[in-house]
Each structure stands twice: as C-alpha cells, then as structure tokens.
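Grab a pencil and have the structure open beside you. Here are some exercises to try, each followed by a worked solution.

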Amino acid sequence: MTPSRIARLLPALVALVAATSSPAFAAGYPEKSIQYLIPFVAGGESDVVARLQQQVFSQKFKQEMVVVNRAGGGGALVWQQLNSLPGDGYTIAGINLPHVVLQPLEGSVAYKTDDMTSVYWFHYTPDALLVPADSPFKTFQDFIKAAKADPGKLSIAGSALYSANHVAHARLNREFGIKTEYVPFKGTGDLVASVLGGHVAATMSYTTLAIQQKGRMRMLAVATRERVPQFPDVPTFRELGVDWMDGAYRGVAVPKSTPEAVRKQVSDMMEALNKDPELRKKMVDGGFEVIDVPYDKVPAFMKERTADYMNSAKMLGLVK
C-alpha cells in the first residue's frame, strides 16, 4: 500500500479504533448491570413501564437493570443531575415530554432542554379526564355544566407542573370555556388516593390510569383519534368538538458526555426491548400507545414536538 493511500485511510482507522475502544461499544454490551433512573415515584406510568422493561432486559441480556426512583421537581431532580453522571452507557434515565421543554421555560430548574440527550422514545399515553366511580358527574357534559355553574370551584389533580397533565388541564379550560383549579402531585401514584378520597373533583391523567383504576374511576373523555377499545362508551375529545390528540411521551436519555457510539448502543438496546412482542402487548393492554423513535430519528422528533409545545407554553403564559 502506498504512503499516500495509507495517509488517506489513517483518519478512518483512528476513528474506528476510538469507537471500538469505548467500554460500552465493546462486543457483548451490556456486560454488567445498568442503572435506570426514573424521575418519579413508584406506581406512575414511567415506573410501571420501567418495571416491564426491566423484566425483558433480564431475559434478553442476562444482566440486571436496576430501576431507581428518584422523584423531585416534577422530574427535574434527575434531569438537572444527569450530565454529572458517568457517560459510559451504564447509567440511563427516563425522560418525558412535554416536561423537558416546558420546565426550562418556566425558569426554576437548573437545566435546559438542549442539555438533555435522549436516545430513544418508546411510547406516549393519551390525555384523559377521570372522576371517582361514585362521582355525581356521569358524563363529560355533567362535568362541564358544573364547572360553568361555579367557576373555580372544581379542582383537577395532575402529575407535576409544566407536565402533560398540566398542559391538558389548561387546554381543557380553554377549549371548553371553563375555570378549574389544577392540583399538582409528584406522580400518578400519589394522586390516586386524593381522587378516590374525594379531595379533588377529577384528575387529568391518561388512559393507563383509567385501565388501572377501572371500577374505581370513570373516564369521561379521551384524547385519541378513535375510542379506546377498553372503553367503547367513552367519547373522544374530537367527538366532543375539539381536535385534541395528545399526551405524555416517554423515552430514555443519557449523560451528554456519552460518546456517539455508546448512545447508539443504548438506543439499540432500548429498541430491542421495545420491539419484544410480549412487552408491546403488555403496553397496549395497559393503555400505552407504542412508538419507535431510535437515536438517528430523535433530532427530527424533538424538533417537531418542541414546536408544538411552544403553543402550549403560550397557553400557560410561559412565553408571549
């Protein structure tokens, strides 16, 4: 091989050696347990799916996925610390939309949206308005009538501030010309007792909670294109006159120091979990809408979602 030929190939050879020398890029990844930080309390949607992923991970990779619940600040506690953790592919964190777009706009968190390095998005949960099973509100129309009769009296629980639940609550007020109070909780698990105990009139949550609490809570309306199979009698917001199809998106992020090759490895690992037939069935049965957004498609996905959330930010008064 001529010297000039070697010179042309040298940069590529150096890049190859650098990539393959990365611990997480080595054959057999993952070679040890992975710490999976969930920014919310146990029992919520993020935690429920992490536990399902944990089971499949153990079967597929013969390693342990250690799920750690570290709640605080509506997820901000984990997200503002993530970049200080090792970027070796063995520390990952749950990440949520619209949280990581709206929270920095509000200004009380110590991270920016661009600080987050998401590598895979695996599902979203459609917005849904729920009341206790013994609530006097039998239909969505009953709820709206009561809200209009006494503005500000009815309270609606949700998970965190500047979250999908918070956005959905503001949208409910705006679209249907009502005034209700939003009561934030640290996670879905915490608000269930408050709803069932009658401390709030309703919760703006998701189809997942409606399925989990079937018989104890009643879903009045849902933000899906078609009616949810498990609740054929519950109208969509579209049927109620509002073109509303949205919810909370969930995925996985890594520290920004994580090399590109390692980010791809983590994304591939999560894709292997997300495409497991048994896991997908459990998610669908649980009310989750499964999506597959791998690392190479994340930039376009984030650009689209961020543009949409800017409209939500205006609705919440975060931007003009």
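**Before and during Exercise 1: Trp79 and the cores**

Find the residues that touch Trp79, leaving aside its neighbours within four places in sequence.

*Solution.* Step one: contact means heavy atoms within 4.5 Å. Step two: with that cut-off, and with the close sequence neighbours left aside, Trp79 touches Pro39, Phe40, Gly74, Gly94, Ile95, Asn96, His99, Val100, Gln103, Tyr111 and Met116.

A word on the ground rules. This is a predicted model, where local features need pLDDT of at least 70, side-chain atom pairs count only at pLDDT 80 or more, and totals for chains, interfaces and linings use all residues. Residues are numbered from 1 along each chain as its sequence is written, and side-chain values use heavy atoms, with hydrogens and water left out.

Next, which residues have the most contacts inside the largest nonpolar core?

*Solution.* Step one: a nonpolar core is a set of buried Ala, Val, Leu, Ile, Met, Phe, Trp, Tyr and Cys residues joined through side-chain atoms within 4.5 Å. Buried means under 20% relative accessible area, exposed over 50%, and partly exposed in between (1.4 Å probe, protein chains only). Step two: the largest core holds 28 residues, and Trp79, Leu97, Trp121 and Phe301 have the most contacts inside it. Step three: among the elements that give two or more residues to this core are helix 3 (76-79), strand 3 (91-97) and helix 11 (298-315). Helix 11 gives the most, with five residues. Helices (H or I, at least four residues) and strands (E, at least two) are DSSP runs, numbered from the N terminus.

**Exercise 2: two helices**

At what angle do the axes of helix 2 and helix 9 cross?

*Solution.* Step one: axes are lines fitted to C-alpha atoms, for helices over the stretch in contact, and angles run from 0 to 180 degrees between N-to-C directions. Step two: the axes of helix 2 (residues 45-61) and helix 9 (residues 260-274) cross at roughly 105° and come within 9 Å. Step three: angles under 35 degrees count as roughly parallel, over 145 as roughly antiparallel, 65 to 115 as roughly perpendicular and the rest as oblique. Helix 2 and helix 9 are therefore roughly perpendicular. Step four: the contact is made by Gln53, Val56, Phe57, Lys60 and Phe61 of helix 2, together with Met269, Met270, Ala272 and Leu273 of helix 9.

**Exercise 3: Ser205 and its strand**

Is Ser205 buried or exposed?

*Solution.* Step one: find Ser205 in strand 7 (residues 202-206). Step two: its relative accessible area is 0%, so Ser205 is buried. Step three: look at the whole strand, where five of the five residues are buried, so strand 7 is largely enclosed by the rest of the structure. Step four: check its partners, remembering that two strands pair if DSSP finds at least two bridges between them. Strand 4 (residues 117-132) is joined to strand 7 by four bridges and they run antiparallel, while strand 5 (residues 155-159) has two bridges to strand 7 and they run parallel.

**Exercise 4: odd backbones**

Where is the cis peptide bond of Pro98, and what is its omega?

*Solution.* Step one: the bond joins Leu97 and Pro98, with omega about 10°. Step two: Pro98 sits in the loop between strand 3 and helix 4. Step three: for another oddity, try Ala160, which has a positive phi of about 70° although it is not a glycine. At 4% relative accessibility, Ala160 counts as buried.
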